[in-house]
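Work through the following exercises with the sequence and the coordinates at hand, and attempt each task before reading its solution.

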Amino acid sequence: MFDKHYEWKFESTALGEKELKLQKQMGISKLLARLLVKRNISDSDAANKFLNPSEDNICDPYLLHDMDKAVERIQNAVMNNQMITVYGDYDADGLTSTAVMYETLEQLGASVNYYIPDRFVDGYGPNIDVYKKLISAGTELIITVDNGVSGYEEVAYAQSKGVDVVITDHHELPDKLPEAAAIVHPRHPNKKYPCPDLAGVGVAFKVASALLEDIPQELLDLVAIGTVADLMPLLGENRALVKFGIIALRNTQRLGLLTLLDNAKINVADISEETIGFALAPRLNSLGRIQNGNTGVELLTTLDDDRAKQLADKVEELNAKRKELVTTITEQALQKLTEENPNKHLINVVAGENWHEGVLGIVASHLVERTGKPSLVLSVSEDGETVKGSGRSIESFQLFDAINVHRDLLISFGGHHMACGLSLEKSKVVELQRVLDVEAKKQQLDLDKKTPLEVEQTIEIDDLSLDFFEEIKQLAPFGVANPKPIFSFSNYKVQKSILMGQDKNHFKMTLKGRQEAIDAIAFSIGENGQQLVNNADEIEFVGELSTNVWRGQTKLQIMIKDFCLDIAETTKIRVNDLRHSKLTPNLLRTDGEFFFFDATVYHKLANYFKHDARIIVGLDKLPEQAKVNNLIIVDCPPNLESFSTLLNKVEFEEITTILYPYKPILLTGMPTKEELGKVYRFAVSHKNIDLKNDLNKLADYLKIKKDLLIFMLQVFFEVGFVKIDNGLMAGSSSSRRINLKDAPSYRARQRLLEAENVLLTSKTVEFEKIISQFITV
């Protein structure tokens, strides 16, 4: 069984008024017209600007806040031969930003050096100890690139020593901005810039353009790398910068980049945004993750052939080490999660010893992909006292918000919706897991709810051609806000299927239409790839179009984006999983045989059924050898035994599961020993408690949820700890030893909790397996 990672959303291929008008004006295909309108491009002028960007798409740098102040201060430093330090960052955007600013200042004849913070010593962004060292060493002007807006204290210190700071940054603006000589930022509240989503390297490039009084085309290769690597939206000015930057990359004279590409076995002429995202960016990022980013700036700027080779080889070595570390730690983390019961938590929190801090964010991303859950991966410090690591999330869970309200558990923390970094005492990891599970329930995290994936249209294999691909390619470079179109495919037979790669974890099948044949490839499919080979005819998939050049011949191929394969043989029953759907009257008008475990639930809903609806209430009302087409289970069973009994007493071809939890206890759970003790002590020390009128007050006083309190009082009543007469309760102390777990209500709640855990929290694929297992019991 291979389940889909995404929820496929098939787009309407019908053209509206805007699409038809654009198609007619430009003489383009229906598909291209539709794709342009989806990007809010609905007239021919805008479309031509998008498809064929020119220098007109590149904005005046002086539209950025404080650009005039930044240029004046930098020019003053150059003229007075002041020592300038470019303070960068250790990721690909930071390294390219540093290289852009450093080369520009060198070209102006400045006295300039650069500093890349060490991830493991300095941390991210401004560091006051580093500022002190730089100033002591003679720095007279600091220019930050890809960081700086969070450095209020650091800037204040520099100013107190007579050293100005020019900030160029694109990160989130804090409430209190540093009092710097200039803050060049595309989203500064005091000046609106046409392209607010510039990368750090984009901002550095605008400063370079202002200083050089021209568009420095020789720097565009660096701009493309940093912008794509930092996942900036590829629209507007960013699109133009990256499109021109890719052309510059194909003609780059940078010795370090040429050697890096050669080591990666990439033909310079074939460079695209995918080359940056999957080859260049990871290699540059590996420097800061494993060692120190200074090497990266030198690699990008060196004019020495031997040094370029030496540095590129070092990058390749570190990148290989990064991959090895990620693979090893990912497998160790998955093993730990498996040992700790993978279905127990909604959020993965896993810690290990000797896990390299630099790759924990990547490992967290892999855990999200493999488990579908938001994940925190933590490394235990050498003294065993603290842990430090990274988190990655899914679209439907606000990771930053969930952790931010529990800062009291943490030593340090920062991040955003989808990612974070944090450190805390090791002893508090268990509590962090607990509160994150609570926050996941508060946010109503539904792990069955997949991220939508837009599928543009279904195409017959025989209709695919290089001309068709070239038309789509006009939208490139693809990336954030300008995604590569996804298609489904029809009218083909699988000619052959194989596993590829050293570890046989890539899959390829050849699809044959009536005339044409094309390869479809899926990477990193995991350990069970042979099931795909054996059942290739049954695979459903969607994918992107791409090309493969082999011996001078260009062939079209499909890169599989998502797929599913249902090879379950235990049952052929169709399962309609409606467990997380809102209970509406329409659900109760489905054609089939409705079954209720609880008569109370039925009576609550009876008026919503059609007069001729077929309804069975209670297992005892099931006829012998019941046979139905569609068994619709409306409410959640009181226990798993009842669920199994129903499935095995009724013969059905299709099953629809609503499993409405009338009085759910999953979020409340079972009372703790402390809560039971608190209620018992109160009960035996008070008399004539008016439960009818004072129950809410009692729950508030004891700080226990009302429904949980009612349950505990019921248990106490059953074992004789309390007496209730005419709504008045009094405690009844007892010297005999009583096990509360023997009380009927206690046992019933435990069994209901088990049923809710198994039946309501499992993913659809797991749920189908559960049903199959119950049927074969």
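**Exercise 1. Two helix pairs**

Determine how helix H21 and helix H25 are placed relative to each other, and which residues make the contact between them.

Solution. In this predicted model, the axes of H21 (residues 640-649) and H25 (residues 744-761) come within 8 Å and cross at roughly 60°. Angles of 65 to 115 degrees count as roughly perpendicular and those under 35 degrees as roughly parallel, so H21 is oblique to H25. On the H21 side the contact is made by Leu 640, Glu 641 and Phe 643, while H25 contributes Arg 751, Glu 754, Ala 755, Val 758 and Leu 759. Sorted by class, the residues of this contact are 5 nonpolar, no polar and 3 charged.

Now carry out the analysis for helix H22 and helix H23, including the handedness of the crossing.

Solution. H22 (residues 673-684) packs with H23 (residues 691-702) at an angle of about 125°, and their axes are 11 Å apart. That angle makes H22 oblique to H23, and H22 passes H23 in a right-handed crossing. The residues in contact are Lys 678, Val 679 and Phe 682 from H22, together with Leu 698, Tyr 701 and Leu 702 from H23. Divided by class, the contact of H22 with H23 has 5 nonpolar, no polar and 1 charged residue.

**Exercise 2. A helix and its cover**

Which residues of helix H11 are buried, and which elements are included in what covers them?

Solution. Begin with the helix itself: within H11 (residues 255-263), the buried residues include Gly 256, Leu 257, Thr 259, Leu 260, Leu 261 and Asn 263. Their cover includes H9, H10, helix H12 (273-290), helix H13 (294-301) and helix H14 (305-339). Just after H11, Lys 265 takes a positive phi of about 60°.

Next, take up Leu 280, which is found in helix H12, and describe its surroundings. Leu 280 has a relative accessible area of 2% and is therefore buried. Apart from neighbours within four places in sequence, Leu 280 is in contact with Ile 225, Leu 249, Leu 257, Leu 260, Leu 261 and Thr 275. Leu 280 and Ala 229 are 51 residues apart in sequence, yet their C-alpha atoms are 8.5 Å apart in space.

**Exercise 3. A residue within a strand**

Establish whether Ser 546 is buried or exposed, and list the residues that it touches beyond its sequence neighbourhood.

Solution. Ser 546 is found in strand S18 (residues 540-550). Its relative accessibility is 9%, and since buried means under 20%, Ser 546 counts as buried. When residues up to four places away in sequence are not counted, Ser 546 touches Phe 469, Lys 484, Lys 555, Leu 556, Gln 557 and Met 559. As for Gly 526, it is 20 residues from Ser 546 in sequence and 23 Å away in space, C-alpha to C-alpha.

**Exercise 4. Unusual backbone geometry**

Where does the backbone depart from the usual pattern, in which most residues other than glycine have a negative phi and most peptide bonds are trans?

Solution. Consider the peptide bond first: the one from Ala 476 to Pro 477 is cis, with omega near 5°, and Pro 477 has its place in the loop between helix H18 (466-473) and strand S14 (487-490). Turning to phi, Leu 231 has a positive value of about 55° although it is not a glycine. Leu 231 is found in the loop between helix H9 (220-229) and helix H10 (236-250), and at 61% relative accessibility it counts as exposed. Asn 491, also not a glycine, has a positive phi of about 55° and lies in the loop between S14 and strand S15 (493-500). With a relative accessible area of 43%, Asn 491 is partly exposed.

**Exercise 5. The chain as a whole**

State how many disulfides a search of the whole structure finds, and then give the overall figures for the chain.

Solution. The search finds 0 disulfides. Cys 564 is buried, with a relative accessible area of 12%, and Cys 636 is buried as well, at 11%. The chain has 26 helices and 27 strands, and its C-alpha atoms fill a box of roughly 95 × 75 × 50 Å along the principal axes. Of the 777 residues in the chain, 49% are buried. Finally, among contacts between residues at least 6 apart in sequence, 67% join residues at least 24 apart.

Conventions
Residues are numbered from 1 along each chain as its sequence is written. This is a predicted model: local features need pLDDT of at least 70, side-chain atom pairs count only at pLDDT 80 or more; totals for chains, interfaces and linings use all residues. Side-chain values use heavy atoms; hydrogens and water are left out. Axes are lines fitted to C-alpha atoms, for helices over the stretch in contact, and angles run from 0 to 180 degrees between N-to-C directions. Helices (H or I, at least four residues) and strands (E, at least two) are DSSP runs, numbered from the N terminus. Angles under 35 degrees count as roughly parallel, over 145 as roughly antiparallel, 65 to 115 as roughly perpendicular and the rest as oblique. A crossing is left-handed if the near helix is turned anticlockwise from the far one by less than a right angle, and right-handed if clockwise. Contact means heavy atoms within 4.5 Å. Ala, Val, Leu, Ile, Met, Phe, Trp, Tyr, Cys and Pro count as nonpolar, Asp, Glu, Lys and Arg as charged, and the others, Gly among them, as polar. A disulfide is a pair of cysteine sulfur atoms within 2.5 Å. Buried means under 20% relative accessible area, exposed over 50%, partly exposed in between (1.4 Å probe, protein chains only).
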